[in-house]
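Hi,

Here is the structure I said I would pass on. Have a look at it first, and my notes follow underneath.

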Amino acid sequence: MIADSGLILVVEDNQDDEELLLMALKSRSLANPVIVVRDGAAAVEYLLSVARDEATCPALVLLDLILPKVDGFGVLQQVLDLDRDVVRHAIDRAHFVRDA
């Protein structure tokens with residue numbers, strides 16, 4: 001479970017999937033702030049800019065794996081290179097992908 005005030009970063013290029021995900025979060029009465037970025041490069045840029053600041057670093061990242069510019073695996077690799085404790089599990093829409 002994430003902290004009530006923990007930021008959620010959504011990395012999703014498909015607007016329909018984004019809307020579905022945001023509806024699911026809202027249906028669970030999560031009041032966490034949500035930031036949405038549309039591609040992997042933007043996700044990496046955001047995560048690198050906030051990595052050392054606990055106030056703005058996301059408590060949860062919901063990351064699509066098929067993205068423009070940098071795919072989800074590329075985002076994971078760059079984040080893992082920065083901090084191996086960040087990622088515990090990766091999933092995609094259909095099934096469990098891997099333990100990181």
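To start with the strands: how many bridges join β1 to β2? Four, and the two strands run parallel. Pairing here means that DSSP finds at least two bridges between two strands. Helices (H or I, at least four residues) and strands (E, at least two) are DSSP runs, numbered from the N terminus. As one example of a bridge, valine 11 has valine 37 in β2 as its partner. Between those two strands the chain passes through α1, and this β-α-β crossover is right-handed (with the strands pointing away from the viewer, the path from the first strand over the helix to the second runs clockwise).

Before going further, the small print. This is a predicted model, where local features need pLDDT of at least 70 and side-chain atom pairs count only at pLDDT 80 or more, while totals for chains, interfaces and linings use all residues. Residues are numbered from 1 along each chain as its sequence is written, and side-chain values use heavy atoms, with hydrogens and water left out.

On confidence, pLDDT is the predictor's own score for each residue, from 0 to 100. The chain averages 81, and 77% of the residues score at least 70. Among the elements, strand β2 (residues 34–37) has the highest mean at 96, and strand β5 (residues 96–99) the lowest at 49. Where pLDDT is low, the predicted coordinates should not be read in detail.

Now the overall layout. There are three helices and five strands, in the order β-α-β-α-β-α-β-β along the sequence. Of the 100 residues, 31% count as buried (under 20% relative accessible area; exposed is over 50% and partly exposed in between, with a 1.4 Å probe and protein chains only). Taking contacts (heavy atoms within 4.5 Å) between residues at least 6 apart in sequence, 64% join residues at least 24 apart.

Back to β1, because in a regular strand the side chains alternate between the two faces of the sheet. Both faces of β1 (residues 8–11) are covered: Ile8 and Val10 are buried on one side, Leu9 and Val11 on the other. β1 also runs parallel to β3 (residues 60–63), again with four bridges, and there valine 10 is partnered with leucine 62.

The largest nonpolar core (buried Ala, Val, Leu, Ile, Met, Phe, Trp, Tyr and Cys residues joined through side-chain atoms within 4.5 Å) has 15 residues. Those with the most contacts inside this core are Leu9, Val11, Tyr46, Leu47, Leu63 and Val75. β1, α2 (40–50) and α3 (72–82) each supply at least two core residues, and α2 gives the most, with five. Leaving aside neighbours within four places in sequence, tyrosine 46 is in contact with Leu7, Leu9, Ile35, Thr56 and Pro58.

A few single residues to click on:

- Glutamate 18 sits in helix α1 (residues 15–27) and counts as buried because its relative accessibility is 10%. Beyond neighbours within four places in sequence, glutamate 18 is in contact with Glu12, Val36 and Arg38.
- Leucine 30 is in the loop between α1 and β2. With 38% relative accessibility, leucine 30 is partly exposed, and beyond those same four places its contacts are Ile8 and Leu25.
- Leucine 60 belongs to strand β3 and is partly exposed at 29%. Its C-alpha atom is 9.7 Å from that of valine 34, 26 residues away along the chain.

Cheers
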